[in-house]
Each structure stands twice: as C-alpha cells, then as structure tokens.
Amino acid sequence: MWMDALIEPVVKDLDQINKSAAEIIMGKYGFVAKSVTQTVSADVFNEEDAKSLNIPSGSAALIIERRYFTALADEPYLVARSLCRADKMKLSATFISSK
C-alpha cells in the first residue's frame, strides 16, 4: 500500500498483518473516517489479473472501491480497491440507523 500524498510506503504486504488499511493509517497518522463510500461495479479480468487467479481472461469481475473521508466535503484520505471474481463473491451490508 502506498499513500500518494505522502509518497511513503506504509505497509508493503497487508497479508502480514491483521489490521485493515484504515486501522493502520489511523494508528500512524491519526486520520479517523467520518464517512466511507463504497461502490461496487462490474468489469472483466484482464490477462494479467486472470492469470494470477488461474481463470480465463475476460471472466466476470466485481470491483469494490471504498473511499474514506475525515469530513463530508473532504477529498478521501484513503481509496481501497478490491478486484473480485464475480462467480465467487458474496457481498453483505448492514445499515444501522443513527436515531
């Protein structure tokens, strides 16, 4: 993971830790998410990504992008992008009322 604004490596391999990128950034820089926007979109795997997953190029994919904000009008301080196999994906969301 790289933070473009700081041009500094934070963590090179997220598999080596048991924290999310947002938790790492909060601990290191003090940024706390006031809002998170998540977008799910459809795409297909290119040859390179398909090869790494041992699936045919052009297979259905889902892109999940999360943008973390410290305030509603700010630019995001973190953008997390996940590329997932559409045939193996399960998405679950829980919405909790603030009232």
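Me: Quick one to start: among contacts between residues at least 6 apart in sequence, what percentage join residues at least 24 apart?
Reply: That comes to 41% in this protein. Keep in mind that we're looking at a predicted model.

Me: Noted. What helices and strands are there, and in what order?
Reply: You get 2 helices and 5 strands. Going along the sequence, the pattern reads β-β-α-β-α-β-β.

Me: Which strands make up the open sheet?
Reply: E3, E4 and E5, in the order E3-E4-E5, with antiparallel pairing. E3 and E5 are the edge strands, as each of them pairs on one side only. On average, neighbouring strands in this sheet are turned by 15° against each other, ignoring direction.

Me: How many bridges hold E3 and E4 together?
Reply: There are 10 bridges between E3, residues 35–44, and E4, residues 60–69. For E4 and E5 the count is 8, again in the antiparallel sense.

Me: I want to find my way across the sheet by eye. What stands opposite Thr39 in E4?
Reply: Glu65 does. From Glu65 you can carry on into E5, where its bridge partner is Arg81. So the row to click through is Thr39, Glu65, then Arg81.

Me: And Val44, what's its bridge partner in E4?
Reply: Ala60.

Me: Switching topic: which residues are in the largest nonpolar core?
Reply: It has 7 of them: Ala21, Ala22, Ile25, Tyr68, Tyr77, Leu78 and Ala80. Two elements give two or more residues to this core, namely helix H1 (21–29) and strand E5 (78–85). H1 has the largest share, with 3 residues.

Me: How much of the protein counts as buried overall?
Reply: 20% of the 99 residues. As for the outside, the protein exposes about 7,700 Å², and carbon and sulfur atoms supply 51% of that.

Me: Back to the two tyrosines in that core. Why does Tyr68 count as buried?
Reply: Because its relative accessible area is 14%, and the cut-off for buried is under 20%. Tyr77 is buried as well, at 15%.

Me: How are the rings of Tyr68 and Tyr77 arranged?
Reply: They form a tilted aromatic pair, with 6.3 Å from centre to centre and 55° between the planes.

Me: Why quote both a distance and an angle?
Reply: Because a pair of aromatic rings is described by the distance of the centres and the angle of the planes.

Me: OK. How many aromatic pairs turn up in the whole structure?
Reply: The search finds 3. Ring pairs also link Tyr29, Phe31, Tyr68 and Tyr77 into a cluster.

Me: Last topic, Cys84. Which strand is it in?
Reply: Cys84 is in E5.

Me: Buried or exposed?
Reply: Cys84 counts as buried because its relative accessibility is 17%, with the limit set at under 20%.

Me: What is Cys84 in contact with, leaving aside neighbours within four places in sequence?
Reply: Phe45, Ala60, Ala61, Leu62, Ile64 and Met89. Ala60 is one you've already met, as the bridge partner of Val44.

Me: And how far is Cys84 from Asp43 in space?
Reply: 9.7 Å, C-alpha to C-alpha, with their positions 41 residues apart in sequence.

Key
Residues are numbered from 1 along each chain as its sequence is written. This is a predicted model: local features need pLDDT of at least 70, side-chain atom pairs count only at pLDDT 80 or more; totals for chains, interfaces and linings use all residues. Side-chain values use heavy atoms; hydrogens and water are left out. A nonpolar core is a set of buried Ala, Val, Leu, Ile, Met, Phe, Trp, Tyr and Cys residues joined through side-chain atoms within 4.5 Å. Buried means under 20% relative accessible area, exposed over 50%, partly exposed in between (1.4 Å probe, protein chains only). Helices (H or I, at least four residues) and strands (E, at least two) are DSSP runs, numbered from the N terminus. Two strands pair if DSSP finds at least two bridges between them. Contact means heavy atoms within 4.5 Å. Accessible areas come from the Shrake-Rupley method with a 1.4 Å probe; for residues, only the protein chains shown count as cover. Axes are lines fitted to C-alpha atoms, for helices over the stretch in contact, and angles run from 0 to 180 degrees between N-to-C directions. Rings of Phe, Tyr and Trp (its six-membered ring) pair if their centres lie within 6.5 Å; planes under 30 degrees apart count as stacked, over 60 as edge-to-face and the rest as tilted.
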